[in-house]
Amino acid sequence: MQKITSFTIDHLKLQPGIYVSRKDPVGNTCVTTFDIRMTSPNEEPVMNTAEVHTIEHLGATFLRNHPDFGPKILYFGPMGCRTGFYLLLAGDYESADIVSLMTEMFTFIRDYRGEVPGACAKDCGNYLDMNLPMANYLANRFLSNVLEGIGPDRLCYPQ
């Protein structure tokens, strides 16, 4: 069986950043899948499920309510390896096109206080598995270490 594209990226060289994972034609448009890599695979500890779950709730809520990108958001959710997230956008985009959007989103998550949207038994299948303080911390870490002053080496997959 042939490897899927995401398994052909050298995860020993991959560092936190924003990468175009793939582009797929769907009807008359393109769907761009982004790899929002928050931790260095196989070097750093992975994120725990509680903070990943919290970032998912806050990120999805922020993105779907965004005035410009909201209608183009198809999906925002965690990678199974817990080193980052996938973002699927309707349209043909490059990594640099969403740096400001990711900066806005992670600033929102860093600064968010209060009840996490959808974190109740009626709205979520595992609402008790949330960690807002750690989600705030990880968002700040990604902003400081990756997004602020991001260069081309964190916008294109390593060769």
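**Group meeting: strands, a helix crossing and a listed site**

Let me start with one residue pair: Tyr 19 stands opposite Asp 35 in strand β2. Please keep in mind that this is a predicted model.

The pair belongs to the following strand arrangement. Strand β1, residues 17–26, and β2 pair in the antiparallel sense over 9 bridges. The two strands form a hairpin with 2 residues between them, and there Gly 27 takes a positive phi near 60°.

β2 also pairs with strand β4, residues 84–90; the sense is antiparallel and the pairing runs over 7 bridges. A residue pair from this pairing is Val 31 of β2, which stands opposite Ala 90 in β4.

What about the burial of β2, residues 29–37? Of its 9 residues, 8 are buried, so the strand is largely enclosed by the rest of the structure.

Next, the helices. Helix α1 covers residues 49–64 and helix α3 covers residues 132–147. Their axes come within 8 Å and cross at roughly 75°. An angle from 65 to 115 degrees counts as roughly perpendicular, and α1 and α3 are therefore roughly perpendicular to each other. On the α1 side, the contact is made by Glu 51, Thr 54, Ile 55 and Leu 58. On the α3 side, it is made by Leu 132, Met 134, Ala 135 and Leu 138. By class, the residues of this contact divide into 6 nonpolar, 1 polar and 1 charged.

Now the annotation. Which residues does UniProt list under "binding site"? The record, an unreviewed entry, gives His 53, His 57 and Cys 124. These residues span 72 residues in sequence, yet no two of their C-alpha atoms are more than 10.4 Å apart, so they gather at one spot.

Take two of them in turn. His 57 lies in helix α1, the helix that crosses α3. Is His 57 buried or exposed? With a relative accessible area of 14%, His 57 is buried, because the cut-off for buried is under 20%. Leaving out residues up to four places away in sequence, His 57 touches Val 116, Pro 117, Gly 118, Ala 119, Cys 124 and Met 130.

Cys 124 lies in the loop between α2, residues 99–111, and α3. Cys 124 is buried as well, at a relative accessible area of 13%. With the same exclusion of residues up to four places away, Cys 124 touches His 53, His 57 and Gly 118. Gly 118 thus appears among the contacts of His 57 and among those of Cys 124.

That is what I have on this model.

Note on methods. Residues numbered from 1 in each chain as written. Predicted model: local features only at pLDDT ≥ 70, side-chain atom pairs only at ≥ 80, totals over all residues. Heavy atoms only, no water. Axes fitted to C-alpha atoms, helices over the stretch in contact; angles between N-to-C directions. Helix = DSSP H or I, 4+ residues; strand = E, 2+ residues; numbered from the N terminus. Parallel < 35°, antiparallel > 145°, perpendicular 65-115°, else oblique. Contact = heavy atoms within 4.5 Å. Nonpolar A, V, L, I, M, F, W, Y, C, P; charged D, E, K, R; others polar. Buried < 20%, exposed > 50% of the residue type's maximum accessible area, 1.4 Å probe, protein only. Pairing = 2+ DSSP bridges. UniProt positions renumbered as here; feature names shortened; annotations may be inferred.
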